[in-house]
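Okay, thanks for coming, everyone. Let me put the thing up on the screen and then talk you through it.

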Amino acid sequence: MNCKTAQRQMALAVGEDLSPVESQELQGHLQGCSNCQQTWEQQRRGFAMLQRSRTQEIHPKSDSVWPVLANRLREREVESPRGEFNGWFAALAVTAACVLVFVFSQESSFPVASQPRTGSVTGGTMVISPADLRERTSSGPQKEEVRPNRPCNSAP
Amino acid sequence: MMTILEPQSQIDESLHEPSGSSDARLVEAARHGDQAAYGELVLRYEQRLTRVIYRFVHNMETAEDLTQETFLKVYDRLGQFDSSRRFGPWLFRIGVNLTLDYLRRKKRRGRWSLFTDRWKERAPDPPVADPRKALDLQQEVQKVLQMIPENYRTVLTLRDLENFSTSEIAAVLHRKEATIRWRLAEARHRFQYYWGKRHGTVLPENFTPSESAESEK
Ligand SMILES: [Zn+2]
């Protein structure tokens, strides 16, 4: 083991992060290397400082975040039925549009399949509440947003 | 005679499931809309999570806010959780990432645009109950930790201040354990180095922090 490797291993050894075999190898090196012995003492001192500094107890201010969190989740749940209500309107609007398109397409000579994309414009956007938009910065799963699109998209 | 202690079993209160319903079962119930089940998961992990976040932000209100945000984010992502894995590391990964993002934003933002962020700027908590010497030591350790790059500091904080095992850190940070050990060694090296520099400790000649990029061994 050279001194460079020994130093890396020492940094792990101070926190007991070496395997028994690695530990023995390092000890072998240290016995014959005064330079590394000095480093070892320094390492131990630095590590001791770190350990001493962690003794401060950390106490959360509130007993639990759950009551507040549960409220926030409930608030979002309250918002989502409104979302579904809007979703119903959206779905109705889309269905109506599809029916109209269908009726017109029957009257004209265009084939049905080329028409219905007009309906999907009103579909997905209405059901996501502002709070959701604010909160869901992640691309997490969103339950209600896609449903109203389907009646029309499935038509072609 | 020099002795190097051999690895002992890690004291680990954080990522091992407490008794009772398994995390997996609670996650499954929460996925199906059972908020009480999710509440139980929150109660299981919140204290530990808040403590870990506090180690990074040094302000309890911020730590609690971030804890809440973490649990909201986790709730939204329950559908993405791979149930063949453990819930604890996944939760802590989201929490640590959220915290690091917060700190990066705070650093980028600097001092002038405080009002643009919904997070209030909060000074570090004064560690009231401690004797003067302990205060100085903590503040001094913090200063030195800030000199260490984030990659290394994160590992050092989790291992040496919060007692996570290297394999747990690997799971939390989604890296190989070898990489974590590499970062840990580098972080302890640097801590020692900067500590020595600030406090006039004579450093051995061959002792400098490595400049090389880490190898993903
Ligand atoms: Zn040597």
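Let's go straight to the loop between helix 7 and helix 8 of chain B, where you find H174(B). Quick caveat: this is a predicted model, so everything I quote is computed from that. H174(B) has a phi near 60°, a positive value, and the residue is not a glycine.

There's another one like that in chain B. N163(B) also isn't a glycine, and its phi is positive too, at about 65°. Where does N163(B) sit? In the loop between helix 6, residues 150-161, and helix 7, residues 166-173. And is N163(B) buried or exposed? Buried: the cut-off is under 20% relative accessible area, and N163(B) comes in at 18%. So if you're scrolling through backbone torsions, have a look at H174(B) and N163(B).

Okay, zooming out on chain B. You've got eight helices and zero strands, so the pattern along the sequence just reads α-α-α-α-α-α-α-α. Chain B has 217 residues, and 53% of them are buried. For contacts in chain B with a separation of 6 or more, 65% are between residues 24 or more positions apart. On the surface side, chain B shows about 10800 Å² of accessible area, with 51% of that belonging to carbon and sulfur atoms.

Now chain A. Here we have six helices, again with zero strands, and reading along gives α-α-α-α-α-α. Chain A has 156 residues, of which 38% count as buried. Taking contacts in chain A between residues at least 6 apart, 63% join residues at least 24 apart. Chain A exposes about 9300 Å², and carbon and sulfur atoms supply 57% of that.

Next, the bit I'd like you to rotate into view: helix 1 of chain A. How many of its eleven residues are buried? Eight, so this helix is mostly covered. The buried ones are A6(A), Q7(A), R8(A), Q9(A), M10(A), A11(A), L12(A) and A13(A). And what's doing the covering? The cover includes helix 2 (20-31) and helix 3 (34-53) of chain A, plus helix 8 of chain B.

That last partner takes us across to the other chain. For packed helices in general, you'd quote the angle between the axes and the distance between them. In our case, helix 1 of chain A, residues 3-13, and helix 8 of chain B, residues 177-199, have axes that come within 8 Å and cross at roughly 90°. Anything from 65 to 115 degrees counts as roughly perpendicular, so that is what we call helix 1 of chain A and helix 8 of chain B.

Who's touching whom? From helix 1 of chain A it's Q7(A), R8(A), A11(A) and L12(A). Across from them in helix 8 of chain B are R181(B), W182(B), L184(B), A185(B), E186(B), R188(B) and H189(B). By class, that contact has five nonpolar, two polar and four charged residues. If you're wondering about the spacing of those positions, an α-helix has 3.6 residues a turn, so residues three or four places apart point the same way.

Last thing, cysteines. How many disulfides are there over all chains? Zero. Two cysteines in chain A for you to click on: C3(A) is partly exposed, with 29% relative accessible area, whereas C36(A) is buried at 0%.

Okay, that's my lot. Shout if you want me to go back to any of the views.

Technical notes. Residues are numbered from 1 along each chain as its sequence is written. Chains are lettered from A and ligands numbered from 1 in the order in which they are written. This is a predicted model: local features need pLDDT of at least 70, side-chain atom pairs count only at pLDDT 80 or more; totals for chains, interfaces and linings use all residues. Side-chain values use heavy atoms; hydrogens and water are left out. Axes are lines fitted to C-alpha atoms, for helices over the stretch in contact, and angles run from 0 to 180 degrees between N-to-C directions. Helices (H or I, at least four residues) and strands (E, at least two) are DSSP runs, numbered from the N terminus. Angles under 35 degrees count as roughly parallel, over 145 as roughly antiparallel, 65 to 115 as roughly perpendicular and the rest as oblique. Contact means heavy atoms within 4.5 Å. Ala, Val, Leu, Ile, Met, Phe, Trp, Tyr, Cys and Pro count as nonpolar, Asp, Glu, Lys and Arg as charged, and the others, Gly among them, as polar. A disulfide is a pair of cysteine sulfur atoms within 2.5 Å. Buried means under 20% relative accessible area, exposed over 50%, partly exposed in between (1.4 Å probe, protein chains only). Accessible areas come from the Shrake-Rupley method with a 1.4 Å probe; for residues, only the protein chains shown count as cover.
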